[in-house]
Amino acid sequence: MSDTSFVRLEMLPGREPPANKTGVMRWLQENLFSSWLNSVLTILSAGLIIYSLNFLLSWAISPTWNATSLANCREILHDIGRNGHFTGACWGVIRERWIQILFGFYPSELYWRPILTLMLLFVALSRILFADKVPHQLIWLTAVYPFLMPWLLWGGSIWVPVSVATGLTAGFYTYVLVSRNSSSFAALLATIAVALFWVIWAGGQFADALSSLVLIELEPVASRKFGGMMLSVTIGVVAIGFSLPIGIVLALGRQSNLLIVKALCTGFIEFIRGVPLITLLFVASTLLNIFMPPGTEFDIIMRVIIMVTLFASAYMAETIRGGLAALPRGQYEGADSLGLTYWQSRRLIIMPQALKISIPGIVSTFINLFKDTTLVSVIGLLDPLGLSTAIRADADWNGIVWELYGFIALLFFIACFSMSRYSMYLERRLQTGLK
């Protein structure tokens, strides 16, 4: 037996893997044709997709953009040899009514106000959504925007939102000053007293006094002129903005050791979750004014926003409570061991982790809330779906359905998909998970 051995002195250059082990062919083999069943399903699915796309594209690609009525659309389609109900879309209705779908019956000469409001919304949110990429000075616009938005949309004297901001500032400093020298409960009572005093008496007189000195106002616009996507965005943004902090308070209240606080929060959450949103909208439309002083004119959109916010807050509270329950007990014990007060531990340790865990649920609640704004049509407000019904009542466009619903669905999809993508970005940035 020979004891000669071979030792390689030079390394051979690397070879490319076989063509059927990499690239598109490998991906197709692993994901679409890995077995005979997957192959059959892939072929059937591809056939169904091709058939659907062929039908959809042949319908959507239609030279009816400049049509002035449904009859005109059919004439155009007839001239090119298409006859029947689904031989081509009638896009003329979108060209003629897209502004109405966006702005409702808002005065056309004042379109700059909702457009400016939307632009300022993105700028104000940028400081919250992309805090590490925008200047921190924008936080001032974020703080001012809740008072600037209603003034731009509804118009009137600027001193009304200034009066509201002044009242909130007075309430905040009252709480801070009283809490330094007394208990938190006494500070809360003092804050409520200041708020009631401002709302019932001082706030209105303060605004009137400033208006008599310097009158700065925009042309008022009635709520009945609001409609379309502007109405949905207004209700959705305000309800989303307020439902998150209210939901946090309700979630903490439900976990409280104080029996009355826990009972009130639990009762509120369970009651709201047990009532359909449509019922609450009818309450906002008809019954809420009964509890107001005689002669009080409470804006219908404001009533709807209040009810939608309360509805979303109950679901938000349960979502956040799930995040609080998912935290290990050691996080609570660690916060207590540092000697932090209840609010310090919740603000610095507990809530940041609970909110990070709850991001998917929170965004899901936001998306559901935004889509539920279409339910306001049942109480007479013309959201995009309500406007589509009004447009189809026009003799020129009577019978058009898919074009209007498709356009509205596209607008909602863009908004909801944007929120979904941002939540995924936020999860990646925060590395959501208990790592």
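E318 and R254 form a salt bridge, and their closest N and O atoms lie 2.9 Å apart. This pair links distant parts of the chain, with E318 in helix α12 and R254 in helix α9, 64 residues apart. The model is a predicted one. Eight salt bridges are counted in it. The points below cover the salt bridges, helix α10, a nonpolar surface patch and three threonines.

**The salt-bridge network around R254**

- Side chains of opposite charge can pair when their charged atoms come close.
- R254 also forms a salt bridge with E270, and here too the closest N and O atoms are 2.9 Å apart. This second pair likewise links distant parts of the chain: E270 belongs to helix α10 and R254 to helix α9, with their positions 16 residues apart in sequence.
- Salt bridges that share partners join R254, E270, R273, E318 and R321 into one network.
- Are R254 and E318 buried or exposed? R254 counts as buried because its relative accessibility is 15%, under the 20% cut-off for burial. E318, at 16% relative accessibility, is also buried.
- E270 counts as partly exposed, because its relative accessibility is 38%, which falls between the limits of 20% and 50%.

**A salt bridge within helix α1**

- R26 and E30 meet through their side chains in a salt bridge, with an N to O distance of 2.8 Å.
- The two residues are four places apart in helix α1 (residues 23-31), so about one helical turn separates them.
- An α-helix has 3.6 residues a turn, so residues three or four places apart point the same way.
- R26 is partly exposed, with a relative accessible area of 24%. E30 is partly exposed too, with a relative accessible area of 46%.

**Helix α10 and its two faces**

- Helix α10 runs over residues 259-273. Its 15 residues, at 1.5 Å a residue, should span 21 Å, and the C-alpha atoms at its ends are 21 Å apart, so the expected and modelled values agree.
- Which residues of α10 are buried? They are C265, I269 and I272. These residues cover an arc of only 75° around the axis, so they sit on the same side of α10.
- The face turned away from the buried side of α10 carries the exposed residues L259, I260 and F271.
- What do the buried residues of α10 pack against? Their partners are the helices α9 (228-254), α11 (277-287) and α12 (300-326).

**The nonpolar surface patch**

- I49, L53, F55, L56, L57, I61, F86 and W402 make a nonpolar patch of about 880 Å² on the surface.
- Which helix gives the most to the nonpolar patch? Helix α2 (residues 36-60) does, with five residues.
- L57 is one of the patch residues, and it lies in helix α2. L57 is partly exposed because its relative accessible area is 46%, over the 30% that a patch residue needs.

**Three threonines in different settings**

- T64 is found in the loop between α2 and α3 (70-79). Its relative accessibility is 0%, so T64 counts as buried.
- Which residues does T64 contact, leaving aside neighbours within four places in sequence? T64 is in contact with C73, I76, L77, A89, C90, W91 and G92.
- T309 has its place in helix α12. T309 counts as buried because its relative accessibility is 7%.
- Residues up to four places away in sequence are again not counted for T309, which touches A239, F242, S243 and I246.
- T286 is placed in helix α11. At 46% relative accessibility, T286 counts as partly exposed.
- How far apart are T286 and T142 in sequence and in space? They are 144 residues apart in sequence, and their C-alpha atoms are 34 Å apart in space.

Definitions and conventions:
Residues are numbered from 1 along each chain as its sequence is written. This is a predicted model: local features need pLDDT of at least 70, side-chain atom pairs count only at pLDDT 80 or more; totals for chains, interfaces and linings use all residues. Side-chain values use heavy atoms; hydrogens and water are left out. Patches are made of residues with over 30% relative accessible area and no salt bridge: like charges are joined within 9 Å, nonpolar side chains (Val, Leu, Ile, Met, Phe, Trp, Tyr) within 5 Å. Accessible areas come from the Shrake-Rupley method with a 1.4 Å probe; for residues, only the protein chains shown count as cover. A salt bridge is a side-chain nitrogen of Lys or Arg within 4 Å of a carboxyl oxygen of Asp or Glu. Buried means under 20% relative accessible area, exposed over 50%, partly exposed in between (1.4 Å probe, protein chains only). The expected span of a helix is 1.5 Å times one less than its number of residues. The arc is that of the directions from the helix axis to the C-beta atoms. Contact means heavy atoms within 4.5 Å.
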